[in-house]
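Let's take a walk through the charged pairs and the greasy interior of this protein. Keep the structure open while you read.

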Amino acid sequence: MKKTILIAEDDVNVADGLGQYLKKKDYEVIVAYDGLSALEIAKKEDINLLLTDLLLSKLYGLDLIREIKKEKPDIQFIMMTAFGDIELAVQAMKEGAYDFLTKPLDLRKLGILIEKALEVQVLSLRNRQLQQTLEANYTFSNVIGRSSLMKKVFEIVRQVSPRRSNVLIYGESGTGKELIANAIHYNSPRASMPFIKVNCGALSEGVLESELFGHERGAFTGAVSKRKGRFELAHGGTIFLDEVSEMSPATQVKLLRVLQEGEFERVGGDKTLKVDIRVIAATNKDLWTAVKAGKFREDLFYRLNVVKIDLPPLRERKEDIPFLVTHFIEKFNKKHDLAIQGINHKALDLLSLYDWPGNVRELENCIESAMLSTNGNYILPVNLPAYVKTPSRNEKNIVIQIGTPLAEIERLVYKKTLEETKGNKTKAARLLGVGVRTVHRKALEYGL
Ligand SMILES: Nc1ncnc2c1ncn2[C@@H]1O[C@H](COP(=O)(O)OP(=O)(O)OP(=O)(O)O)[C@@H](O)[C@H]1O
Ligand SMILES: [Mg+2]
């Protein structure tokens, strides 16, 4: 396909001459005789390259570039300037012009410049498309949530993404911790740098250390060659430490040093390596409880907990369920090449009554299997698993597992009772047989 070049030049003779020349070189050519009409054309037409005079009437060449860049970032620019305007021409390149030529124009040089600039344009387009398909899998838009609880989460994500601060994400299993970590990284200035995930709970102490920090050849039996650790691989980017509460005390010390000094050594090595890293950690256990139990270092806790994101369990934001369901139907229509159009009301009601101990992941699995089991266009109650259809849990019961610390039981009792009384502390006090002031104090203490 022919490439289109827009010439913006107020000297009619020069403009038309150039136009003739470029047409002969097999380009599509449009000519504008002042800056404003050049801008109009650039907005409307599919332009690959703008060849513009610097001192244009009505809209100055530099402003023209700036305006066009806002709407069409992939258009390439070549500036034409009189001999004395070099400084301005350099300014133009800072604004993103590909190059500049001084008048009178050397046409052979111009021809080469145009070819090169057009190659760059193809590359820049391709990069942007790649970036977009990559981002489409992760960005914000894929994290669904309309509830006020999730809106608060999004607000924090939006604020914290551009910054460097470490983030601690807390949430029950399946609430979307990894998804949020992705959103933060891919909305940060580090988006084009590596995003490296490590599950600290899945690996034994020794293996985790050499995963994180790498090892030198011969560091231990089986270390037959030198290996880079995840911290090295994540340099300049973000590392996601999943299940961080499971990290052993020795590894915690090393992690603390990376967070404080950006320094560490490979296992079995003595050379100190430096890295620039942002850490996002996730946990489904209350880290502060682990600190109090002496299982997690307090200093490390403070380093990780610079910004905390609490992901609410799905049962506390059931208003998100319809939106999540729609999202998953679209997702699995694509994945399994289906054409399910939606879910019937009764089925959706059942989903809203269920407690979702496995949170969004459980809902996602449930929708996928429902879609695979239906013959029609809609998900019906019959397509849902039995346990969803017979909600056995009574909302008025509190289920407590053996081994739960008393303090946690107390917190749960206050929380559930306050939920039941819709926050009314006097009612809650009556139900629990304690004074209102006690309820106040406990609510504060437990952050209810
Ligand atoms: N708000 C959401 N919108 C869309 N999909 C979500 C949302 N939250 C979670 N999911 C989906 O649910 C699944 C579980 O999410 P994720 O792996 O992020 O949870 P997690 O908290 O890391 O779980 P675990 O503690 O088990 O590791 C994923 O497939 C994810 O895409
Ligand atoms: Mg996870």
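## A salt bridge on a helix

K70 sits out in the open: its relative accessible area is 62%, so it counts as exposed. This is a predicted model, so treat the numbers here as computed from it. The side chain of K70 pairs up with that of E67 in a salt bridge, with N and O 3.1 Å apart. E67 is partly exposed, at 30% relative accessible area.

Why can these two pair up along one helix? Both belong to helix α3, which spans residues 61-71, and because they are three residues apart there, about one helical turn separates K70 from E67.

## More charged pairs

Further along the chain, R297 and D299 also join through their side chains, in a salt bridge of 2.9 Å from N to O. Both ends are partly exposed: R297 has a relative accessible area of 31%, and D299 comes in at 33%.

Then there's K308, which makes a salt bridge with D310; their closest N and O atoms lie 3.6 Å apart. K308 is partly exposed, with 36% relative accessible area, and D310 is partly exposed too, at 42%.

Some charged residues don't stop at pairs. R257, E263, E265 and K274 are tied together in a network of salt bridges. How many salt bridges turn up in a search of the whole structure? The count is 30.

## The greasy middle

Now for the nonpolar side chains. In soluble globular proteins, these tend to be buried together. Here the largest nonpolar core holds 30 residues, and the ones with the most contacts inside it are L212, F231, I239, L241, V244 and F296. Several elements chip in at least two residues each: the strands β7 (195-199), β10 (238-242) and β13 (278-283), plus the helices α8 (205-213), α10 (249-261), α11 (287-292) and α12 (298-304). Which of them gives the most to this core? That would be α10, with four residues.

F231 is a good residue to click on. Setting aside neighbours within four places in sequence, F231 touches L212, F213, I239, L255, V258, F264, V275 and I277.

## A second core

The big core isn't alone. A separate, second core has 25 residues, among them F328, L351, M371 and I379.

Note on methods. Residues numbered from 1 in each chain as written. Chains lettered and ligands numbered in written order. Predicted model: local features only at pLDDT ≥ 70, side-chain atom pairs only at ≥ 80, totals over all residues. Heavy atoms only, no water. Salt bridge = Lys/Arg side-chain N within 4 Å of Asp/Glu carboxyl O. Buried < 20%, exposed > 50% of the residue type's maximum accessible area, 1.4 Å probe, protein only. Core = buried A, V, L, I, M, F, W, Y, C linked by side-chain atoms within 4.5 Å. Contact = heavy atoms within 4.5 Å.
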